[in-house]
Amino acid sequence: KMKKLLHWFNGIKLRYKLAIFYSLFCFLPVMLLFWLSFLQMRSIIDDKGKMNLQSYLQQSVSSMDRTLDGYNSLSDYIAFDRTLAEVFSMEYGTPYEQYEQLTQKVDPILRTASYFHGGMQQITIYTDNGMVKHDTTVAPVSEIEETDWYQKTLEHPGLNWFANYQEETLFSARKLAFSGAREGVNILYMDVDYQKLFTPYAETLISECGLYITDQDGKLVFEESRFSGKNQNYDLTYSEFLEQRDRGSTDYIILCEQSNTTGWTVWLYQPVGLAGEAMRPIGVMAGVTILICIFAAVLAYFITSGMVSSRIERLTHFMQEVQEGSMDMQMESDDRDEIGAGILLHPAGELDAVHHGHHHVQQDQVGAVLRRGFQRFGSVLGREYLVTLLDEGVFHEFEDVGFVVDEQDAVAHNFGQCVFGGAPATGWPCAAHI
């Protein structure tokens, strides 16, 4: 196969060989370099975009945790307040004694705490010590005994956060461990502004992205998305998002970060196709550059073909004409490169003698040709080459042809005699006659 390929390559024209060399060693390497550079740049931009998404996710979760940590600190302050422990551990003889303790001690503590913490909507202590409902600060446990979060609060000591996506409610609950004359059930309930906590996500969410927040049970806490009009079809419902996440979809970049304060998981997704939007200008630039390279390669091919191939073809045609016996051909060249030198020196020098030594052929055929075209030999073959032919005695046997050289040439090219009419000539300088 390799020999056949080499044979085929050696048989095609030079201009086609030049085209192959341009393609293999000039055009294709440049295109390969552009393509590899484009892929590498796209990979870098994709990685950078992913890092930006991860950075945004981490910062947003940290911001939410700082806000929730403030509420947690307030909850700890209330839970370990000695005054509140005394009030809810006492046994009251009359309702008035109870009312006095609530208005003078409980209300100031809870309302002051709520006032100095933005986003705090309500603080209530639910108790089973027989206290009647007092404004929004105190209420009997019977009001919450049927709720799911009440049972979970009893089962999980410490601070617990609860959110309801449909109702857009957010609150924390914990069991208070008051010690005193009586031990009962006391639940601290803190209602937080849902919208205020999650508004930063809605305001700072990166464009062409979607976000979901889920609790420990996988229930939806919050969602937000920001897609432009042409990309609305990339927006996922929660069920679609879960499907994409569970099957490890390659159509979306899916990142997650867990809240250290609440244990919630924040999910961020972005379509893979849109992550490379920044590559569009680079792709356009690369496309334009490739077109310019193609144009330059084609232009260089035609210029080189015109400078080399066409001149070699003219020279080959001229050689064929001379070898066939036509001396009427005239070919001139002012170029000083190898091809130009070949036009002046090589054509007749490589002619093979036909019937050399046959007198009738030299006299009738070659002699006739020389008579017709000798005056053009100087312009076709060059004067130096003609002198070389004379020196070698090529034309000594022709009867009707005379050659003479100038006196100054006799020094540089002393062939010993000048042939004129078939006989030696003795005078210098002499004239050429046909």
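Student: In this predicted model, does Gln98 count as buried or exposed?
Tutor: Gln98 is found in helix α4, which spans residues 95-115. The limit for a buried residue is under 20% relative accessible area. Because the relative accessibility of Gln98 is 9%, this residue counts as buried.

Student: Which residues does Gln98 touch, not counting those up to four places away in sequence?
Tutor: Gln98 belongs to helix α4, and the residues in question lie beyond four places from it in sequence. With that restriction, the residues touched by Gln98 are Tyr92, Gly130, Met131 and Val132.

Student: Why are the buried residues of α5 on the same side of this helix?
Tutor: The buried residues of helix α5 (residues 148-155) are Trp149, Tyr150 and Thr153. An α-helix has 3.6 residues a turn, so residues three or four places apart point the same way. In α5, the buried residues are on the same side because they cover an arc of only 105 degrees around the axis.

Student: Which exposed residues does the face of α5 turned away from its buried side carry?
Tutor: The buried side of α5 holds Trp149, Tyr150 and Thr153, and its cover includes β3 (160-164), β4 (169-175) and β5 (186-192). The face turned away from that side carries the exposed residues Asp148 and Glu155.

Student: Which residue has its C-alpha atom separated by 6.3 Å from that of Pro157?
Tutor: Pro157 is placed in the loop between α5 and β3. This proline is exposed, with a relative accessible area of 72%. Its partner is 18 residues apart from it along the chain, and the two C-alpha atoms are separated by 6.3 Å; that partner is Lys175.

Student: Which element gives the most residues to the lining of the second largest pocket?
Tutor: This pocket holds about 710 Å³ of space. Its lining has 26 residues, and those nearest its centre are Lys152, Trp161, Phe162, Ala163 and Asp215. The elements giving two or more residues to the lining are α5, β3, β4, β5 and β7. With five residues, the element that gives the most is β3.

Student: What is the phi of Glu168 near?
Tutor: Glu168 lies in the loop between β3 and β4, where it is partly exposed with a relative accessible area of 42%. Its phi is positive although the residue is other than glycine, and the value is near 55 degrees.

Student: What is the phi of Asp135 near?
Tutor: The loop between β1 (120-127) and β2 (138-140) is the place of Asp135. At 43% relative accessibility, this residue counts as partly exposed. Its phi, a positive value in a residue other than glycine, is near 50 degrees.

Student: How many bridges join β1 to β5?
Tutor: Six of the eight residues of β1 are buried, so this strand is largely enclosed by the rest of the structure. With β2, β1 pairs in the parallel sense over three bridges, and Thr127 has Pro140 as its bridge partner in β2. With β5, β1 runs antiparallel, and the partner of Tyr126 there is Ile187. The number of bridges joining β1 to β5 is seven.

Student: Which strands are the edge strands of the open sheet that contains β6 and β9?
Tutor: The sheet has four strands in the order β7-β6-β9-β8, with antiparallel pairing. An edge strand pairs on one side only, and this holds for β7 (220-226) and β8. Neighbouring strands are turned by 15 degrees against each other on average, direction ignored. The edge strands are therefore β7 and β8.

Student: Which residue takes a positive phi in the hairpin of β8 and β9?
Tutor: Strands β8 (residues 252-258) and β9 (residues 265-271) run antiparallel and are joined by seven bridges. Leu255 has Leu268 as its bridge partner in β9, while the partner of Ile254 is Tyr269. Six residues lie between the strands, and the one with a positive phi, near 80 degrees, is Gly263.

Student: At about what angle to β8 does helix α2 run?
Tutor: Helix α2 (residues 14-79) lies across β6 (209-214), β8 and β9. Helix α6 (residues 194-204) also packs on the sheet, touching β6, β7 and β9, and its direction makes about 30 degrees with that of β7. For α2, the angle to β8 is about 30 degrees.

Conventions. Residues numbered from 1 in each chain as written. Predicted model: local features only at pLDDT ≥ 70, side-chain atom pairs only at ≥ 80, totals over all residues. Heavy atoms only, no water. Buried < 20%, exposed > 50% of the residue type's maximum accessible area, 1.4 Å probe, protein only. Arc of directions from axis to C-beta. Contact = heavy atoms within 4.5 Å. Pairing = 2+ DSSP bridges. Axes fitted to C-alpha atoms, helices over the stretch in contact; angles between N-to-C directions. 1 Å grid on protein atoms, 1.4 Å probe; cavity = no way out; pocket = protein on both sides within 12 Å on 5 of 7 lines; lining within 4 Å. Points joined across faces, edges and corners; volume = space filled by probe spheres on them.
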